[in-house]
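Please walk through the fold of this protein, with attention to how its helices pack and where its aromatic rings meet.

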Amino acid sequence: GSTILPLFPLGGIVYTPNTEHVLNIFEPRYRQMYTDILMNGSKRFVVVTSHPTESGRFAKTGVVFELEDLKEVSEQTEDQIKYICTHKVTGRVTIDKVLNPEAWAMRDTYLKIEGTIHDDSGKDDSGENDGPELDEVYGALVDLQHELEEDVRFTKAASNTLAVKEGPDEDGLWQTIRLWQSFVEQRLMARQNELQQEFQDKLKDFLKKERGLQQDELPSAIGFGDLTEELQQELQELQKRMAIELQPLVLESSLTMQKIIEAEDHKARCKLLKYFMQAEMRRLTTKKTLQGLFSSDSDAVLDEEVRNIPSDEMISSTETDEKKSFFDEPDAFQ
């Protein structure tokens with residue numbers, strides 16, 4: 001039941017079935033790959049996500065890209081790009097064997113694999129899945145997101161249209177999986193924008209106070225060397241913070257989808273998606289609890305408790321200063 005197919009590893013993106021994607025083809029080995037799949041009539045190849053740090057290491061399970069449209073653009077791009085191609089992801093495939101691993105280092109041709117294509121058409125759907133439970137968790141998650149006024153959240157209407165069936169149709173689970181993938185990616189972008197905005201606000205204050213510039217006089221760009229030593233240090237610290245804070249979200253956006261792609265069947269995908277939604281519920285529940293602890297009423301109670309603490313048992317300011325510089329280590333996540 002194995003099939004021999006070309007392999008095209010693509011960055012840290014995880015593609016899901018029943019989606020469409022455009023690729024710009026410029027590398028000689030992949031130009032040759034497209035020529036071959038057009039000549040032999042297969043018009044398909046395997047796409048897998050690459051390991052984030054180890055070159056030449058890829059996920060074992062990927063998806064099948066089927067070529068739908070190809071445009072030759074060599075003349076328009078001065079041969080910088082050979083083809084602009086549109087594809088449909090038609091299914092999943094597990095790689096059993098790489099037939100020419102030496103080609104990765106040589107780079108003179110593309111990799112070929114022997115793989116097993118999985119039938120995700122839904123024709124063998126037994127009707128057994130975790131749809132009702134998934135729907136319940138999803139509805140509770142949407143309600144909690146709106147209660148906390150999360151910047152990135154599902155619409156209220158979305159909670160009534162959860163798709164959980166097996167197969168490629170519009171009411172299929174893959175629709176919900178893509179929606180979840182979009183949500184995770186938007187959370188990542190939102191957090192990244194927050195951190196960048198934080199520094200931009202400080203930079204604007206610097207230009208207004210130190211340089212005497214008005215709002216309409218602020219430059220669109222400024223060199224690192226033009227910043228004060230303090231601002232340079234803050235920018236470097238921001239870059240470190242972004243690496244630490246965003247890395248778990250980056251991994252979540254890729255590894256969550258990869259685990260779903262690797263799932264054995266529809267029921268397993270339902271269980272995984274429910275697990276990821278429950279994890280997000282736990283995060284938001286913790287956030288809600290913390291907001292309650294530090295609300296104005298709680299602050300008043302805490303202030304009263306503090307006034308009743310004997311002076312010899314109170315923590316001095318020097319002790320608290322020593323504990324202020326807490327930060328997560330880069331590897332403090334799974």
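A crossing of two helices is called left-handed if the near helix is turned anticlockwise from the far one by less than a right angle, and right-handed if the turn is clockwise. By that convention, the crossing of H5 and H6 in this predicted model is right-handed.

The wider setting comes first. The protein chain contains eight helices and six strands, and, read from the N terminus, its elements follow the order β-β-α-β-β-β-α-β-α-α-α-α-α-α. Of the 334 residues in the protein chain, 34% are buried. Among contacts in the protein chain with a separation of 6 or more, 67% involve residues that are 24 or more positions apart.

Returning to the helix pair, H5 spans residues 229–262 and H6 spans residues 266–293, and their axes come within 9 Å of each other while crossing at roughly 160°. Because an angle over 145 degrees counts as roughly antiparallel, H5 is roughly antiparallel to H6. On the H5 side the contact is made by Thr256, Lys259 and Ile260, which meet Arg269, Leu272, Leu273 and Phe276 of H6. Sorted by class, the residues in the contact of H5 with H6 comprise four nonpolar, one polar and two charged.

Phe276, one of the H6 residues in that contact, also leads into the aromatic pairs, of which a search of the whole structure finds 12. One of these is the stacked pair of Phe154 and Trp180, whose rings lie 6.0 Å apart centre to centre with 20° between the planes. Phe154 sits in the loop between helix H3 (131–147) and helix H4 (173–209), whereas Trp180 belongs to helix H4, so the pair ties together parts that are 26 residues apart in sequence. Both partners are buried: Phe154 has a relative accessible area of 5%, and Trp180 has a relative accessibility of 2%.

Phe276 itself pairs with Tyr275 in an edge-to-face arrangement, with 5.7 Å centre to centre and 70° between the planes. The surroundings of these two rings can be read from their accessibility, since a residue counts as buried under 20% relative accessible area and as exposed over 50%, with partly exposed in between. Phe276, at 15%, is therefore buried, while Tyr275, at 47%, is partly exposed.

Aromatic residues also gather in a group, for Phe8, Tyr15, Tyr30, Tyr34, Phe45, Phe65 and Tyr83 form one aromatic cluster.

Definitions and conventions: Residues are numbered from 1 along each chain as its sequence is written. This is a predicted model: local features need pLDDT of at least 70, side-chain atom pairs count only at pLDDT 80 or more; totals for chains, interfaces and linings use all residues. Side-chain values use heavy atoms; hydrogens and water are left out. Rings of Phe, Tyr and Trp (its six-membered ring) pair if their centres lie within 6.5 Å; planes under 30 degrees apart count as stacked, over 60 as edge-to-face and the rest as tilted. Helices (H or I, at least four residues) and strands (E, at least two) are DSSP runs, numbered from the N terminus. Buried means under 20% relative accessible area, exposed over 50%, partly exposed in between (1.4 Å probe, protein chains only). Axes are lines fitted to C-alpha atoms, for helices over the stretch in contact, and angles run from 0 to 180 degrees between N-to-C directions. Angles under 35 degrees count as roughly parallel, over 145 as roughly antiparallel, 65 to 115 as roughly perpendicular and the rest as oblique. Contact means heavy atoms within 4.5 Å. Ala, Val, Leu, Ile, Met, Phe, Trp, Tyr, Cys and Pro count as nonpolar, Asp, Glu, Lys and Arg as charged, and the others, Gly among them, as polar.
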